[in-house]
Amino acid sequence: LVMAAVLAASLLVGEPGDAVFMALAPVLPMIGVATAYGAGADPTYELTLAAPFSKLRILLLRTATVVGVCLPLSVLAGAGVDGPWWVSVAWLLPAAAFLMVTLASATFVSPHYAAIVTGLGWVTMAFSVARIGEPQDLFTATATLTYLIVTAVAAVIFIRRFERLSTQFSMQFS
């Protein structure tokens with residue numbers, strides 16, 4: 001359903017479609033992961049509890065699966081967005097940043113809460129930037145550098161707190 005929304009946004013003509021695509025495409029992986037993991041969303045949740053893997057490993061495997069599905073579909077949807085060719089793949093860097101921020105934040109708060117806050121923050125910022133200027137302003141050189149730095153810092157935090165997250169998942173989802 002989210003992919004259909006992104007595809008529909010890419011088919012809208014002009015700036016409204018571009019803004020919707022730029023706002024939704026980077027959070028698509030987070031939405032997919034949020035709907036693919038947890039007792040309320042996963043029909044095989046009881047089997048997941050009995051799996052000989054940590055809950056964190058299962059979450060990371062599902063994240064990789066969701067990204068693998070979202071990636072080609074979103075790039076194809078992005079081909080319909082007005083503007084330079086690179087716009088169809090420019091969302092990948094913020095998406096990576098949000099995934100890392102969500103995983104790093106999950107070492108402090110609930111993973112679902114971290115995903116919701118991160119996603120809503122991006123969508124709010126994306127629509128604000130599109131309202132003030134152009135949707136492509138989200139992907140300037142300065143913005144790209146910022147996404148790289150955020151990704152790197154979040155990765156370091158996640159790696160340093162990985163053990164805590166593994167323990168937290170064992171307690172939360174067992």
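## Overall architecture

The protein chain contains 10 helices and zero strands. The model described here is predicted. Read along the sequence, the elements follow the pattern α-α-α-α-α-α-α-α-α-α.

The protein chain has 174 residues, of which 41% are buried. Its exposed surface amounts to about 9,000 Å², and carbon and sulfur atoms supply 73% of that area. Among the contacts in the protein chain with a separation of 6 or more, 73% join residues that are 24 or more positions apart.

## The packing of helices α7 and α8

Two packed helices are described by the angle between their axes and the distance between the axes. Helix α7 covers residues 92-105, and its axis comes within 8 Å of the axis of α8, with a crossing angle of roughly 145°. The crossing of α7 and α8 is right-handed. On the side of α7, the contact is made by Pro94, Phe98, Val101, Thr102 and Ser105; on the side of α8, by Pro111, Ala114, Ala115, Thr118 and Trp122.

Thr118 illustrates this contact at the level of a single residue. It lies in helix α8, and it touches Met30, Phe98, Val101 and Thr102, when residues up to four places away in sequence are not counted. Is Thr118 buried or exposed? Thr118 has a relative accessible area of 12%, and residues under 20% are classed as buried, so Thr118 is buried.

## A nonpolar patch on the surface

A nonpolar patch of about 820 Å² lies on the surface. Its members are Phe108, Val109, Tyr113, Val117, Leu145, Leu148, Ile149, Val153 and Ile157. Helix α8 (111-132) and helix α9 (141-160) each supply at least two residues of the patch. Which helix gives the most to the nonpolar patch? That helix is α9, with five residues.

Val117, one of the patch residues, is placed in helix α8. Its relative accessibility is 43%. The class "partly exposed" runs between 20% and 50%, and Val117 therefore counts as partly exposed.

## Other residues of helix α8

Val123 and Met125 extend the picture of α8. Val123 is placed in this helix and counts as partly exposed because its relative accessibility is 22%. Leaving aside neighbours within four places in sequence, Val123 is in contact with Ala23 and Val27. Val123 and Ala19 are 104 residues apart in sequence, while their C-alpha atoms are 9.7 Å apart in space.

Met125 is also found in helix α8. At 37% relative accessibility, Met125 counts as partly exposed. Residues up to four places away in sequence being left out, Met125 touches Leu138 and Tyr147. What distance separates the C-alpha atoms of Met125 and Ala23, which are 102 residues apart along the chain? The separation is 8.3 Å.

## A residue of helix α5

Helix α5 spans residues 55-78 and includes Gly68. Gly68 has a relative accessibility of 44%, so it counts as partly exposed. Gly68 and Pro29 are 39 residues apart in sequence, and the distance between them in space is 9.1 Å, C-alpha to C-alpha.

Methods:
Residues are numbered from 1 along each chain as its sequence is written. This is a predicted model: local features need pLDDT of at least 70, side-chain atom pairs count only at pLDDT 80 or more; totals for chains, interfaces and linings use all residues. Side-chain values use heavy atoms; hydrogens and water are left out. Patches are made of residues with over 30% relative accessible area and no salt bridge: like charges are joined within 9 Å, nonpolar side chains (Val, Leu, Ile, Met, Phe, Trp, Tyr) within 5 Å. Accessible areas come from the Shrake-Rupley method with a 1.4 Å probe; for residues, only the protein chains shown count as cover. A salt bridge is a side-chain nitrogen of Lys or Arg within 4 Å of a carboxyl oxygen of Asp or Glu. Helices (H or I, at least four residues) and strands (E, at least two) are DSSP runs, numbered from the N terminus. Buried means under 20% relative accessible area, exposed over 50%, partly exposed in between (1.4 Å probe, protein chains only). Axes are lines fitted to C-alpha atoms, for helices over the stretch in contact, and angles run from 0 to 180 degrees between N-to-C directions. A crossing is left-handed if the near helix is turned anticlockwise from the far one by less than a right angle, and right-handed if clockwise. Contact means heavy atoms within 4.5 Å.
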